[in-house]
Amino acid sequence: MVLFKRKPVQYVSRPLVENEEQEVWMIQQTGEIFIDYEQYLSRMDFYKQHKFICRITGHSGLSFFEALKSELAGAQEVEEAFPEALKGPVLRRVQFQTISRIDTLVDLIYEEFKGDYYPGEAVTVHVVTGERLTGVVRDKSRFGSKVLPGGNVQPPFSRYFVSLDNRPTEEAVVDDAHITRDRKIFTKQVLRSFIKKTVTRESWTGAPWLVKHEVAVLYHIDIRVPPHLRYESKAAERRYNQAQRRNGPEFFDMVGSFPGAPGRLPELKPATKSHKSKAHQSQIKSKQQPFLNPAPVQMGPPLPNQSNLPLFLPPQSSHPPPYTYTFQAQIPGPPPQEGPNTFNNFHNTTFAFPQLAPLPQPPPPPPPIKYPIEDLQVEPRNAPPRPPLKYFSQDTPLDSGKSKKTGGNGIKMKSVGPLLETWDTLNVYCEIFKLDSFTFDDFVEALQFSSEDVDCQLFVETHCAVLKILVNSEADGGKVNVQLPEMEAEDDGEETGEEATPEPEPTPEPEIKPKGRATRSSLAKAEAEAAEAARLQAEANPEPEDETAKILHRAADMQLEIGWIDRLRKRDFRNGGWQSIIVGLLYQLSKGPCAQGKYDPLLEHLAPLNMEPNPETARQQYAKLDVNLRITILQVLCILTAETKSVRGYMEECSEQMTGFRKEKIQFQRDRKALMEEVRALVEERKALTLANPPVADAPEEKPANGDIKMPDVEEEVQDSDEIIDTCDDTPQQVHSLRRGMDRANERKRKREAEQEKKEKAEAEAKFPKQSKQLTKLLKDIQKKLEHIKDTEEEIAILDNDLREADCPRTRVLGKDRFWNRYYWFERNGMPYSGLPSSSTAEAGYANGRIWVQGPDEIERTGYIDMKPEWQEEYLAKFGITVPKRKELEEGPTGVFNAYQWGYYDDPESVDDLIKWLDPRGFNEFKFSKELKLYRDRIVRNMERRKEYLNPAEDKSVDSTNKRMSTRKKDQHVDHTAHRCLAWQNGMAMEELGHLHSEQPRARKPPKKAAPPPPPVEEERHTRSEAKGKKEKSIGRQGTRYNF
């Protein structure tokens, strides 16, 4: 039976079909019939949900029909696999069992039947000769236990008569110890599946397991449920137990002691607890006291109009007789009738007092909040605001409504995101581009650098390296690796327009004169409209002026001599070549359907109308290009490279490497766990040996062989004198009297510490002067295991770093705060912490050196911050402040408000203040705080190295200047100290290609090797390739290098 929510699916009962011609719908698998099509569709939708469970296999998440098919197949397998001889005995044992869990039931049956065998079962017997023979159990004899004369009990045993296979005339008689069955036939899994198939159980507590009716008839099993296992008996017993717990055992003992007790038990109600004060309770008692005073007994006849008399009369004597009262439980019945003798039997009257109304229970306290919760649902704290942000752009979010600033770096806020994206792409995939890594500050300076006399190698190499990925060289086939808009139709149209322009003069036919710069579609349209030739000819005169107004640049004319693809295939980057290639690429991209004038501002500047369309113009104009436009061009180029097979193949290779690193890391973790278990066992063994062989008391100290005798008093005196020298170094007399006295004192102190360490080590070894060799060997084994554990942990740390560097497909966010601002630390993944160690600027010791803060995107801003008015009112009622006001209050005067705005932190103090500002009670900031604390030391170290790199000391600046002057190849009147970006050199291209990207490949003798790069900066955790040179890994940071 298929299960739904752990209960068998109940089929719909068949409806009454009065007319045989009535249309019905039937589900073949279940046999259900429906007379309403909507009910049929609803039932089919229910069966198609993936919420059903196969009862035999236990597989969940199936549709009803899949579960039914699996159940039928599983039932067939169980029917064939389970031994036929065991079916009857197992089912008889399971019948009427009240064990609720099937796992416990399976364990019980398995333990009982795994050593018991039944006639007809195939077994293996061990005969006297030692042979193992197969056969079938023919008969079985069971002998009970026997009590021996000594009081011992002999356990029961069995004898089996087994007919041997291939020996029809022989039989074996064996006991329990010499008979077995195949292990694969009777297992817990097979037994569980068999029980699930043949047995059912209702869902109420205490329900017995019942063999299905058709199976019970087949194996002659009684299906009559005993009375004490039926639901009615269980329910009655449960009600009886509840009544006992509710009334208590004392009441039933008390009722039996009263003679003549009524047949119906009285209704007893516990007294309600009062939380009122004692004064209030005494006041209540005084108010209730008149009801307890007895009425006087009237001896004579009743007075007339007795109802007008006062209810209570003063007592006749000053000493009223004592009264006794008997209070009984209130027995329901008719109220007593008033009459003349109502108060005569006052002392035996039963009083019923109304119970006091209980005080209203206070509302239960709200359940404790289980943190973390949604960040904005955390109650605001009285804490300092977030540390102020710094802005990299010239315009900031604080400048809205103010006059624009002059000066600065010229970078706009909208260009900060593309700038970071471009720098991260070039550094993460530097092995694809064959570029040395470079710092963010050098990259920004290179983009701002502008000179017609000097080329910045960093600026030129980045453009040329990215362009070479888009199109292969002629030697490699010249294949274009990206999809570009088609230009063939446009080129044909232009040629047609050029040829058709002079033709209208000799031939006045209007149909061959297209409209300005015609395309094929415009020519077809002109031919179709031949009847309107006169009007078209009249309107054609002003067309050249309009067309001239539409032409914004001369990018197309710049590609007439040689196309940008052919120039790129030839790697013609010199003398404005790569600038001309970029112009042609942008012009072709502008013809795409999604361009929408995006590239026109770039082309207007690079190929203006008032200059000649040649590479020299492109070179000059690119040198004058605004830094924001330069960022846009590089971003477009980097986005195109993401479509190439080179980058995608690199991603796949890194993914495969990460899989291998994870497997290797898991193996090291298993080894570490095993080593720790071994160390734990060795430590326990050492404790046992230490207790068994306690250390012998220290022998009397002997005089050392060299004749030295320890004199504690003298040593203490010398130590005191040294301390006086150390602490009184500011006294003029002592400094004057002891020339270099501090150095000698420190030297003596170091010698003293070394001697003291040796003595302590000798004393530690002397504590076990007679320890056994076994204990000594054990200590050495423990030390070796600990060293192996340390080596394993180092390997795991190296693999973690390899995983971090190979994680290149996307930039990992460091975390989000309560206002959904994103925080990025770009060194977190995809690159070494300080860039490639072989880079020409590796001495900088950092890559980016900042924590960047990006504002929330549009969906997050509208959903969490600028919410609907009714939601803002609800938030205001709960916390007393709206979300925008809270953002302004807790973030302070600086902030970012959308995804196009960026800020940053670049000092350690801001990082520490940011950690204090985060509230780990929220989901976002809990994760962010954890990540920030994990990388805090690395982040702070890179920030400090960045400050040292940007503000070098005088001696460093002099050395670096001299070094640059000595290696200068040509006379350039440029101040290298003012432009750090000019010191960058593309050593990776020189090493692998033999030339820079901007240079033509050299066909003559191989070039000389480039100058060796400065020694790599030492890091705390090396990559696996650096840490294990013995493996001869000739790969880069993450894998094999690409050759294009």
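Good morning. Helices, of at least four residues, and strands, of at least two, are here the runs assigned by DSSP, numbered from the N terminus. On that basis the protein chain has 37 helices and 18 strands. I should say at the outset that what we are looking at is a predicted model. The protein chain has 1044 residues, and 36% of them count as buried. If we take contacts between residues at least 6 apart in sequence, 67% join residues at least 24 apart.

Let me begin close to the N terminus. An open sheet is formed there by three strands, in the order E2-E1-E5, with antiparallel pairing. Its edge strands are E2, residues 7-8, and E5, residues 52-53, and each of these pairs on one side only. Strand E1, residues 3-4, is joined to E2 by two bridges, and the two run antiparallel. One bridge partnership to look for is that of Phe 4 with Lys 7 in E2.

Next, a brief stop at helix H2, which spans residues 64-81 and contains Ala 73. Is Ala 73 buried or exposed, or does it lie in between? Its relative accessibility is 41%, so Ala 73 counts as partly exposed. Thr 57 is 16 residues from Ala 73 along the chain, and their C-alpha atoms are separated by 9.7 Å.

I turn now to a run of strands further along the chain. In general, strands of a sheet pair through backbone hydrogen bonds, either parallel or antiparallel. Strand E6, residues 122-126, and strand E7, residues 132-143, run antiparallel and are joined by five bridges. Ala 122 stands opposite Val 136 in E7. The two strands form a hairpin with five residues between them, and in the turn Gly 130 has a positive phi of about 90°.

E7 also pairs with strand E10, residues 157-164, in the antiparallel sense, over eight bridges. Here Phe 143 has Phe 157 in E10 as its bridge partner. E10 in turn is joined to E11 by five bridges, and these strands run antiparallel. Ser 163 is found opposite Glu 171 in E11. E10 and E11 make a hairpin as well, with six residues between the strands, and Asn 166 takes a positive phi near 65°.

Strand E11, residues 171-175, deserves a second look for its side chains, which alternate. Which of them are buried? Ala 172 and Val 174 point to one face and are buried, whereas Glu 171, Val 173 and Asp 175 point to the other face and are not.

Let us move to the cysteines. How many disulfides does the structure hold? The number is zero. Cys 456 is in no disulfide, and the nearest cysteine sulfur, belonging to Cys 981, is 3.7 Å away. A disulfide requires the two sulfur atoms to be within 2.5 Å, so this pair does not qualify. Cys 456 has a relative accessible area of 3% and is therefore buried. Cys 430 is likewise buried, with a relative accessible area of 1%.

Finally, the empty space inside. A search of the whole structure finds three cavities of 30 Å³ or more. The second largest cavity holds about 60 Å³ of space. Its lining has 13 residues, and those nearest its centre are Ser 437, Phe 438, Ser 834, Gly 835 and Tyr 846. What is the character of that lining? The lining of the second largest cavity divides into five nonpolar residues, eight polar and no charged. Thank you for your attention.

Conventions:
Residues numbered from 1 in each chain as written. Predicted model: local features only at pLDDT ≥ 70, side-chain atom pairs only at ≥ 80, totals over all residues. Heavy atoms only, no water. Pairing = 2+ DSSP bridges. Buried < 20%, exposed > 50% of the residue type's maximum accessible area, 1.4 Å probe, protein only. 1 Å grid on protein atoms, 1.4 Å probe; cavity = no way out; pocket = protein on both sides within 12 Å on 5 of 7 lines; lining within 4 Å. Points joined across faces, edges and corners; volume = space filled by probe spheres on them. Nonpolar A, V, L, I, M, F, W, Y, C, P; charged D, E, K, R; others polar. Contact = heavy atoms within 4.5 Å.
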